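Reader: I am new to this structure and would like to be led through it by questions. Could we begin once it is in view?

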Amino acid sequence: MEPRSRSFYLLAAFFTLFVIFLYGPVITIGILSFQGPRGGLTFPMNGVSLHWFFDLFEQQAVGDIWGSFRRSFALGLMVMSVTVVLSVMGGLAFRRRFRGSTVLFYLIIASLIIPSILVSLGVGLIFNILDLEVHWATSGFGSQLTWTLPFGLLIMFAVFNRFDKSYEEAARDLGASPWQTVRHVVLPIIAPMLIGVALFGFTLSYDEFARTLLTAGSYNTLPLEIFGMTTNVTSPVLYALGTLTTVFSFAIIGTFLLVVVILRRRRTKSGSDAGSGLV
């Protein structure tokens, strides 16, 4: 067996530091959330208990934790649904070049370059100029779409660039209408990628702070509520909230991945059944 080169150990050390930097804060908050009833915000631990998790479900003197969670969850579902639909429609539209397609593409991608706080400020100003109420379900919804929709479109552009058009041609040869081709051929094939777009849309919306800061109105989303609590809450209940939201995020990701696996297994099984039927 050949000895490892020096570059291997350097890259391994760099990767280890990267993982510690990425997950170290999450692990630290998770550990501190199990402080005892008299525990503080820093180490050393003063006992181990679930006291602060139970405290989350009691009436809080500061903040509206569960109200903000419901708003973030609802906003995430709204943004996810619209992102998936518009991304598919945009991906289908950009399969053929049309006048102004290049300009439109760069206008869509530009929202990823503009600082998020400026997008939030601009959306809030527009609503104020039009004398419309700044609300998380309207202005906040629109500002978050400027963040999630470009990602969804980029994914769909990559998907349709690799899509085999012979499937659609075969469906049309068999008499399928354009809508039937999209519904029964295109969408089932790209279903796993659609779940990826949905996952992007929901997670980016759920933890978005900057683009919601000036567009949420009087009712905070969960990231804004947590930020507000950092200046008032001096107990590990904040860490318990962070741990629960992290577990919730991983649960959402795991659910989406499970759905992808199930869809792939069904498609593989249906393909093998169709193949055996031809024998």
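**Exposure, pairing and core**

Author: At 44% relative accessibility, leucine 132 counts as partly exposed, because buried means under 20% relative accessible area, exposed over 50%, and partly exposed in between (1.4 Å probe, protein chains only). This is a predicted model, in which local features need pLDDT of at least 70 and side-chain atom pairs count only at pLDDT 80 or more, while totals for chains, interfaces and linings use all residues. Residues are numbered from 1 along each chain as its sequence is written, and side-chain values use heavy atoms, with hydrogens and water left out.

Reader: With which residue does arginine 95 form a salt bridge?

Author: A salt bridge is a side-chain nitrogen of Lys or Arg within 4 Å of a carboxyl oxygen of Asp or Glu, and a search of the whole structure finds one. Arginine 95 is partly exposed, with a relative accessible area of 22%. Its closest N and O atoms are 2.8 Å apart in the pair formed with glutamate 168.

Reader: Is glutamate 168 buried or exposed?

Author: The relative accessible area of glutamate 168 is 9%, which means that this residue is buried.

Reader: Which element gives the most residues to the largest nonpolar core?

Author: A nonpolar core is a set of buried Ala, Val, Leu, Ile, Met, Phe, Trp, Tyr and Cys residues joined through side-chain atoms within 4.5 Å, and the largest one has 20 residues. Helices here are DSSP runs (H or I, at least four residues), numbered from the N terminus. With nine residues, the element that gives the most to this core is α8.

Definitions and conventions
Helices (H or I, at least four residues) and strands (E, at least two) are DSSP runs, numbered from the N terminus.
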